[in-house]
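Colleague: I am new to reading structures, and I would like to learn how labels are given. Could you take me through some of them?

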Amino acid sequence: MPDRIVGFCKTTGFLRDERFLVVIPRFPHRRVSIFRLLCLLAIPTLAADPVSSVVDRVDVSRAPGKPWVAMKVRTLAHLPEIPPDAPPASSGGHGNPNPSRATGFFHTASIDGRWWLIDPAGRKFIHQGVTTVRTIATDGANAALKQRFGSQEAWAKQTAAMLRNAGFNGLGCWADDQTLRPAENRLVYTKMWNFMSTYGKKRGGTFRKPGHTGYAGDCPFIFDPEFPAFCEEHARQLATTKDDPWLLGHFTDNELPWNLKMLESYLKLPADDPGHMAAARWVKQRHGSRKSSAITERDRQDFVAFAADTYFAAVSKAIRKHDPNHMILGARFHSPAFRLKGLFTAAGRHLDIISVNYYHAWTPDPTRLQSWAKDSGKPILITEWYAKGADSGHANTGGAGWLVRTQRDRGFFYQNFTLGLLESRACVGWHWFRYSDNDPDEKGADPSNRDSNKGMVSNRYIPYSPLVDAMREINLRTHGLIRYFDQDKH
């Protein structure tokens with residue numbers, strides 16, 4: 001016998017797919033009130049606080065087959081009661097408009113020792129987003145979309161409502177912003193432009209790696225003499241959105257291979273390669289010799305900064321020429337870059353925000369967050385992080401996120417991680433990776449995105465209620481939590 005109720009609940013703001021005795025079809029208009037009543041009856045048990053009781057530890061593993069370790073968590077249940085924030089403006093900003101800070105576009109400001117985003121009207125804003133908010137291109141997902149929503153337009157409307165109801169105000173990378181634009185639920189969005197990887201594919205010499213584009217020898221084509229002209233031409237596309245107040249800003253690339261081996265890697269390229277020639281000139285200017293045996297640890301750090309300066313100068317000049325209104329959000333640094341002080345310093349000379357894909361940390365390191373902001377002179381936006389649930393039915397072999405046992409544990413992780421970000425005075429937001437689970441039938445997907453439980457909804461668009469409810473609890477209290485953490489700073 002069928003045992004599920006499936007439908008869109010306007011009371012809770014998102015789809016429910018929970019265990020009941022019968023299947024309830026989508027009601028005609030005259031019977032909507034019956035379905036709403038069922039939703040209301042379901043709320044006390046199905047949408048109860050996932051963190052209402054104090055849980056101090058969660059079992060965590062790095063991957064299937066790896067050992068489980070009990071990791072400490074901090075959730076809202078560990079803090080004094082903090083009421084939900086007042087309803088935000090449509091942009092997601094809080095407080096009254098502030099004409100002295102208003103520019104008509106999003107920007108950053110350091111206020112009383114804390115970094116903030118400022119919305120177009122001058123209100124304080126924390127960007128709470130989700131990446132990859134788009135439909136899934138497989139037969140099974142298409143059938144589920146048609147059954148649950150009826151059309152892509154209906155999917156967009158209900159998904160925007162679900163995200164808003166869960167306290168999210170924005171879209172991270174790779175979202176279908178064109179479809180997700182109903183005025184009543186508009187979300188602040190971002191754009192990814194892939195300057196280097198697009199140039200590399202045109203030039204030749206790139207290949208696919210799990211999670212990002214690969215370059216021969218881990219040497220992106222930063223020093224090609226044609227790269228700045230390519231950037232200028234590529235950035236012409238930005239003119240189409242330069243006047244849009246809903247655009248937060250532009251990402252330049254994703255996870256370029258910044259690392260301490262860069263200098264030696266460029267020197268190993270063929271002698272006529274522009275990267276080799278640039279590295280050799282750099283060594284000669286420092287040491288009067290082209291021999292790599294003279295390279296020191298300081299040289300390695302400084303060369304990364306030199307390469308970053310060269311790259312960010314080219315892309316930022318092109319962006320600002322064609323869109324002077326919006327922020328440059330950086331190139332989404334990942335773990336090999338985390339300890340490269342010169343990289344953050346160089347990036348800060350050209351960017352408005354430093355974006356970081358923050359994996360392999362159960363709790364954000366406050367010292368590391370502060371050092372990134374101090375070295376760059378800019379605030380930090382966490383642009384990827386997640387945990388996978390072993391109860392999802394997925395193999396969970398792909399991706400860099402943690403593995404936990406249940407969807408409830410994913411909610412504990414969300415709260416533990418975001419509380420650490422809010423406690424830091426350097427962070428101006430985060431983007432959960434991602435909207436939907438991987439679909440194993442999506443054969444053309446990136447190798448890291450084929451078999452894992454990363455989404456806040458399944459690959460058939462069913463929300464993971466314990467996770468979504470835990471997200472909502474934090475997201476709707478963001479500004480109250482900031483006030484709570486900051487009261488001990490003065």
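Modeller: Happily; we will talk about salt bridges, burial and one sheet, and please keep in mind that this is a predicted model.

Colleague: Why is the contact between Arg186 and Asp177 called a salt bridge?

Modeller: The closest N and O atoms of Arg186 and Asp177 are 3.5 Å apart. The cut-off is 4 Å between a side-chain nitrogen of Lys or Arg and a carboxyl oxygen of Asp or Glu, so the pair qualifies. Both residues are buried, too.

Colleague: Why does Glu233 count as partly exposed?

Modeller: Its relative accessibility is 48%. Buried would need under 20% and exposed over 50%, so Glu233 falls in between. Its salt-bridge partner is Arg236, at 2.9 Å from N to O. Arg236 has 44% relative accessibility, so it is partly exposed as well.

Colleague: What makes the salt bridge of Arg332 and Glu384 a tie between parts that are apart in sequence?

Modeller: Arg332 lies in the loop between strand S14 and helix H9, while Glu384 is in strand S16, so the pair links parts 52 residues apart in sequence. Their closest N and O atoms are 2.4 Å apart, and both residues are buried.

Colleague: Now the sheet with the order S4-S3-S18-S17. Why do S4 and S17 stand at the edges?

Modeller: Each has a single partner strand, so one side of each is left without a neighbour in the sheet. The twist averages 45° from one strand to the next.

Colleague: How do you know that S3 and S4 pair?

Modeller: Pairing takes at least two bridges, and four join S3 to S4, so they are paired; they run antiparallel.

Methods: Residues are numbered from 1 along each chain as its sequence is written. This is a predicted model: local features need pLDDT of at least 70, side-chain atom pairs count only at pLDDT 80 or more; totals for chains, interfaces and linings use all residues. Side-chain values use heavy atoms; hydrogens and water are left out. Axes are lines fitted to C-alpha atoms, for helices over the stretch in contact, and angles run from 0 to 180 degrees between N-to-C directions. Buried means under 20% relative accessible area, exposed over 50%, partly exposed in between (1.4 Å probe, protein chains only).
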